[in-house]
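Visitor: I would like a close look at one part of this structure. Please pick a helix, go through it, and then set it in its surroundings.

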Amino acid sequence: MSGINFNSWTENATRLGMRIQETLTERTKDLSLMSSGAGYYDTGEDKAKYIKAHLESGSDREKLEAMKRLIAMISKGRNVSEYFAQVVKNVASPNLEVRKLVYIYLLRYAEAEPDLALLSINTFQRDLADSSPLIRAMALRVLSGIRVPTIASLVVVAIKKCAADTSPYVRKAAALSIPKCHSLDESQLPSLIEILSTLLRDRSPLSVGSVAIAFEAVCPTRLDLLHPHYRRLCRVLIDVDEWGQVSLLELLIRYARTMLPRPTASRDSLGKETEEPLFQSRNPAVILSVTRAFYYLALPSRHHKIVHPLLRLLAISPEVERVVLAYILSISHISSHLFSPHYTRFIVRADDSTRVKHTKAHILRNFITADNSQALLREFVDYTDDVDEALVAGAILGIGHIARTLPESTAQCLNAYSVVANAVVELKSLVQSQMQSGAAHVGSSSAPLTIVERLAYHIDEIRQAQARACVVWLVGVVPWAPDVLRKIAKSFRNETVPVKFQAVTLAAKLLVLSPSHDMLIQLGNYVFALARYDRNYDVRDRGRMLQQLLAGVVPTIGAADVKDIGGVVLRRAQVRVVLFEGKESAQPHAVHNDTRERLGTLGLVLGRDTPHERILPDWLEQGVESILRDSQDDAPPTPAVTAIGHIAPRSGVGTWTGTGGHSSPVVVLSPAGSGGPSPAGSMPNKGAWTDLEKFYASESESEDEDSEEEEEEEEEEEEEEEEEEEEEEEEEEEAREGSDDGEEESDHQSGDDEGRRVGPPRTSEEDSDVKRSSKRVPIQ
Amino acid sequence: MAIDGLIILDSANFRPIVQTSFRSFSTAYPLLHIDAYNAALAKAERPEDIDPVLFVPLPDAPTACCHLQHLSLIFLCPISGNLDPLYAFAFIRTFLDILIEYFGDVTAPTLRDNFDIVHQLLEETLDAGGHPLTTSPNALRDIVLPPSLITKILSVTGVSGLSGPTTTGLSAFSSPIPWRKAGLRYNNNEIYFDIIETLDAVVNKSAAIITSSVLGKINVNCKLSGTPDLLLTLTNPHTITEPSFHSCVRLSRFAQSKTLSFIPPDGRFTLMEYRFDPSASKPGAAPALTAAAASQLQVQVPFTLRSALFVTDHGGTFELTFSPRASALDDVVIELYLGAGASSATCSASTGGGGWTYLPAQNTLRWSLPPTTRGGRSTANNNNTLQGTFTSSEARPRPARAAQISFALPPGALLAARLDASSGGWSGKAGDATFVCFLRGGQRLGTMERMEARDFGITTSLSTE
C-alpha cells in the first residue's frame, strides 16, 4: 500500500519536475534573448525591420527592445533618424526606462527633424511640473538640448521655471541649460542673465558650480554681477561638489584678479578656511584649480602651499603625472626653490615613458644648486646609460648645467662625459667658456684640449650630425687638425648640412692660418667646389660667402670660377677676426621667459600656443570698492539684480569704463540721486552711503580704529569667514560709525543675520522681491 | 572650454564601442581623434610611450585627445578650449570607477552586453555642454539601475525596475546628502576598512636607497543603516603627509584634530589616500634633515639585487644575484629589458632559483623567484642567481640601466597607518588580513634598483549600535 502511494507520489513529482523544467527553458530562452545586450548590439538588417512595428506596439517590453536596438545602432554610428516619427510617439510613455532611451534618441536627432521634435515639446513642458525632480530635470535637459531655434523663447520660460524649483538638482539642470539656450538664440541674453542672477542667489552648494559654468559661457565679462555674491560664493566653495569647485574657482580667480586690490602683506585675498582645505581633494582637477588660485592670487610667501599637493598628484597615474610634470616644469622655470628640496620625487625611472623621462630631466636641471649638485651629477651620469636618447641628451645637458653653475666641479663633469652626441655639444660650450675665461682654471684647462684631441681621433665613429658638426667646430677652435678636414672632405658628399657648414668653415679657418700651404689650398678648393654644387642652397651660400671672404687672403681660392664682383676685400688679420672671434654660439638652454599665467591650461601641457588662452588680467592697484561686495544676506534686494534686466538699454545708471588692458566692465558708482535704482540707493543703510566722497574720506581716516571690536563681531557672525572679507566689512563698519544712524543699522543687520542662520523666514527679502518684480518690465 | 565627449575603444580592433553624441561637432570629429590616437600608437615604440595628451590639429580650432587605457579598453576624451587636461583625466577616472561599480570587471564584452546602461550612465554623468553632472555612485544608482538578475527577470516579464515615477522617481535626489542614499537598512551593520600600502623605491648599486616612498590608501566597504556619523582616529597621524580625502570627510575637522569625521557613502569607496613619511614623525622637529639622516629614516627594502652585465658584439652576458633579507617575500618577479633588437636569451638559474622566460615582444627577460620563507634557510643559501647570455641583432645592444622588481610583502610589513576605532561603541579586531605587495627595481650593472611594494590590508569588522 505504502509502496503504491510512494510510486504515485514519485510519478507526480517527476511530472511536476518536467513541467517546471519546460516552463523554465521557455522562460530562459526569453531571458537569454533579453538579457544579453550583445544580441541587440549586433542587430542585423532583418531585425531592424521590426523596430518600427515594435515601437508602435502596445507592449512596453517590445518598445524597450526596439529602443535598445536603436541605441545600439547609434553606438555603432548608424544613422537611425528614419525612426524619428515612431520614437516621438513614445515620449510620454509611462515606462521610465523607455522614456529615458527616447530622451537619449531625441537629443541626438531633434535638430535634424525640427518639425517632429516640436510634437514632443508639449510632453516635456508637462513633465516640467512632474512631482519627481528627476523627471523635471530630465525634461528640461531634453528641452534645452533640442536645438530648434524657434523654441528658444519656450526654453527660456522653462529654464526660468526650473530656476525657481525646490530641488537643487533641477536648479542645477536649469543653470546648465542656460548656455545651450544662449547658443540657440543669442537675443535671449537679457532674460538669461536675469535668470542667472536669480540662480546666483541660490543657497544650495549643489547648483552653484553649474551656475559658474553658465556664467562663464553666457556673460563672462559681467563680473560686476558677482559683487553681492562674491563672499558667499567663497564660503560655500568647500561644500560644492568637486566639478563645481573647479568651475567656481576659475570664476572666483578671475573675479579676484579683476575686482580685488593687489594683495599685500597685510591683505591677502585667499582664505585659510575656504581654499586651503581643497588641497586635500581627491580630484586632481580641483587640486590644480586651488594651485592656480594660490599661485596667481597669493603672495609669493604663500606659494609653498602648492608644493605637497602637486607632488602627491605625481603618484596618481602615469597620465596625471605627465600633465602635472608639465606644470611643475613651468613653475620651476620661475621659482625652482619651491620644488628643488624635493628633487628625489623627480628621479627618473627606467620604465617611465619617454615624455615623462624628458620632462623630469628638464625639471632636475632647473633644480641644480650647490647643495644637490653632487647627488644630481650622480643621477645624470646614471641617465647617460639609459635606453632613451632623449633622456641621455637631457642628462648630458644637466651635467653641462652643473659645470656652468658650479665652475669648481667642471673637471668632474668633464670626466663624466663620454663620446655621446650631446656630450660633444656640451663640450663645445665648455671649451669655449674655458678658453674665454683664460687662465681662470689653469689646472683643468689642459683637459679640454686632450679631449678635443681624442674626439678628433674618433671622428669616424661619431655619427650623429650635430655632434659631428661640433667636433669639426672644436677642431677649428683648437687649430691644429687639417687631417680632420681631410677626413671630412672625403665624406663631404654624405655629410648632413650642419657638418657641411662646419667643414667649409674649417677649411676657411685653416686657409687663413696658413694661406700658402699647397695641400691646404688644394683641399680648400676641393671643399669649396663641393659646397658650390651642393644640393642645399644654404651650404652653397655659406661656401660662396667664405670664398669671397678669403679672396683677399688666398687669391688662388676660387679664382677660376668666381668672377670679381668688387666690394671690400678684407685683409688676412681681419678675416681671422671674423672667423675665429665670431659670436659665441647660442646657449643651448634658451632662457624660459614665458611669464604668461598658463598653469592649468592645455596650451602649457602641449607646449604650444592655443587659442582661447585663459590669461588672467593683471591686478588692479586699488580694486573696486569693497562695499559692492557687502553681503546680500544683510541687504536682500541686491542692487545689481534690479539693474540687470535693463542694463543694456539704460546707460545712465552707471558709468561703464574699461579697466586697464582688459575688457571687463566695472561699475563706477555715481552718487545716489542721479535717478533710477543705483546700487547704493537701494541698500537699507542708505543714510551712511548717500555721500560717497564723505564715505571714502571717513574710510581712510579711521583705518585702524575699533578693529578689535569688529573682529569679535565677525567671529560671532560666521564661522568660515574669509580674512579678506573681514577687513572689508571692517571698512564698511567704520563707514557706518561715521554717520549718525550707523548704530541702528548694524543692529538691524545682526538681527537679520540670526534669522538667516536659523532658517528661511526672511521676510524682508521676500517683501523686496515682490517690490522688485513689480518694478521689473516683463521680458517677453 | 569643456570636455567634448567620451569615446570608449576596444583595443582589439580600435573601433568605438560606446561614444557620446558630439552633437555640436561635425561627424568627423570623433573619427579624427580616433585616428590621432591610432597614428600615435603606430609611431610609439612602446604603447606606454604615447603622450597621454595628444594634439589634434583641426583646421578651425585645435583640440587635444586625452586618453587612458584600462585593460582592453581605451578611453578617449577630446577636449577643446584650453581646458586643463587633468579635468579630462579626472572625469575618465571617475567614469571608469562608476563602470567598475556597475559591472565589476570592465571589458569590451561587458560593455557590449550592457551598452544601454553605459549610454544612460554617460548621459547622466556628462552634460551635453561637456561638464560632469552626477558622478556620485550612490545618486547614480537611483537614476540608472545597475544590472542584476532581478532587473533582467523584471524586464523579461515586462515590468521595469524604473516602472514609474512613483517608485524611483521619488527616491532619486531625495537624499539630503548628495553622496549617500536615503533610507538604507541592513540587518548586519558592518563596515570594512582595507589599508593598502605601496612601497616604491629606487636603489643604487651599493644598495643605498635613492628615493623611496610609501603610498597608502584606505578602502572602505560600508554596509550601515540610516545615516551614521563616523569618527576614525589614526594612531600616528603625524607620519601621514599629503593626505587626500573622499568628499564626505569633514576637512576642517581633520585640520583641527587629525581625525576623520564623516558620513560614509553606501558601498565601496576610497576614504583617504596618504603618503607615509617617517621623517615627519616628530611634529616639532626641524624640517631640514641631512641626506644621511633622511635615508636612515626611509623605509628599507627587504632584499638586495646584484647584477653584472657585459655587452659584447651582438649580445652580452649577465649575472643577477638576488638575496632576500629577513622577511618573507612572495611573487618576486625581476624584469630586465635587453634593448631593442634583442632576439633570444639563454640562462641557468641556481637550484631552487625559480624559472625564467624571455618575452620577445617586449625584448624583456623575466625571472620569477620562488617564495622565500622567513628564516627558513641560512643566509648563505638564501642567494638566488641567474646567469646567462643573450643575443641581439644590434651590433652594440643597449639594455636597460635598471631592472624592475615587483614583490609582495607579508601582511603588516609596512603599516604606516593604524586605525584606532575609538569612537562611541565601536569595537574591532584585526582578522582575515590579506596582503599583496609589489616591488620593482634592479638594474644594469647594479647601478640602480628600483622597486615598488604594494599593499597589506587589515580588514576590521566593526558594528554600530
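Guide: First, a term: a contact means heavy atoms within 4.5 Å. The model is predicted.

The part to look at is helix α18 of chain A, residues 354-367. It has 14 residues. From its first C-alpha to its last it reaches 20 Å, close to the 20 Å expected at 1.5 Å a residue.

Is α18(A) mostly covered or mostly exposed? It is mostly covered, with ten of its 14 residues buried. Buried here means under 20% relative accessible area. Start at the N-terminal part of the list: Val356(A), Lys357(A), Thr359(A), Lys360(A) and Ala361(A) are among the buried residues. The list goes on with Ile363(A), Leu364(A), Arg365(A), Asn366(A) and Phe367(A). Charged side chains are thus included, namely Lys357(A), Lys360(A) and Arg365(A).

As background, an α-helix has 3.6 residues a turn, so residues three or four places apart point the same way.

What covers the buried residues of α18(A)? The cover includes three helices of chain A: α17 (318-334), α19 (373-383) and α20 (389-405).

Now the wider chain. Chain A has 37 helices and two strands. Of its 780 residues, 55% are buried. Take the contacts in chain A between residues at least 6 apart in sequence: 68% of them join residues at least 24 apart. The accessible surface of chain A is about 34,800 Å², and carbon and sulfur atoms account for 53% of that.

Chain B has another make-up, with nine helices and 24 strands. Of its 465 residues, 54% count as buried. For contacts in chain B between residues at least 6 apart, 69% join residues at least 24 apart. Chain B exposes about 19,100 Å², with 54% supplied by carbon and sulfur atoms.

Next, the charged pairs. Over all chains, the whole structure holds 26 salt bridges. One of them joins Glu250(A) and Arg292(A), with the closest N and O atoms 3.5 Å apart. Glu250(A) lies in helix α14 (residues 242-259) and Arg292(A) in helix α15 (residues 284-297), so this pair ties together parts of chain A that are 42 residues apart in sequence. Both partners, Glu250(A) and Arg292(A), are buried.

In chain B, a salt bridge links Glu242(B) and Arg275(B) at 3.7 Å, N to O. Here the pair ties strands: Glu242(B) lies in β10 (residues 240-245) and Arg275(B) in β12 (residues 267-276), so parts of chain B 33 residues apart in sequence are held together. Glu242(B) and Arg275(B) are both buried.

Another pair in chain B is Arg366(B) with Glu335(B), at 2.6 Å, N to O. Arg366(B) is in strand β18 (residues 364-368) and Glu335(B) in strand β15 (residues 330-337), so the pair ties together parts 31 residues apart in sequence. Are these two buried or partly exposed? Arg366(B) counts as partly exposed because its relative accessibility is 31%. Glu335(B) is partly exposed too, with a relative accessible area of 25%.

That brings us back to the helix. Salt bridges that share partners join Glu321(A), Asp352(A) and Lys360(A) into one network. Lys360(A) is one of the buried residues of α18(A).

Terms used:
Residues numbered from 1 in each chain as written. Chains lettered and ligands numbered in written order. Predicted model: local features only at pLDDT ≥ 70, side-chain atom pairs only at ≥ 80, totals over all residues. Heavy atoms only, no water. Helix = DSSP H or I, 4+ residues; strand = E, 2+ residues; numbered from the N terminus. Buried < 20%, exposed > 50% of the residue type's maximum accessible area, 1.4 Å probe, protein only. Areas by Shrake-Rupley, 256 points an atom, 1.4 Å probe, with all protein chains shown as cover. Expected span 1.5 Å × (residues − 1). Salt bridge = Lys/Arg side-chain N within 4 Å of Asp/Glu carboxyl O.
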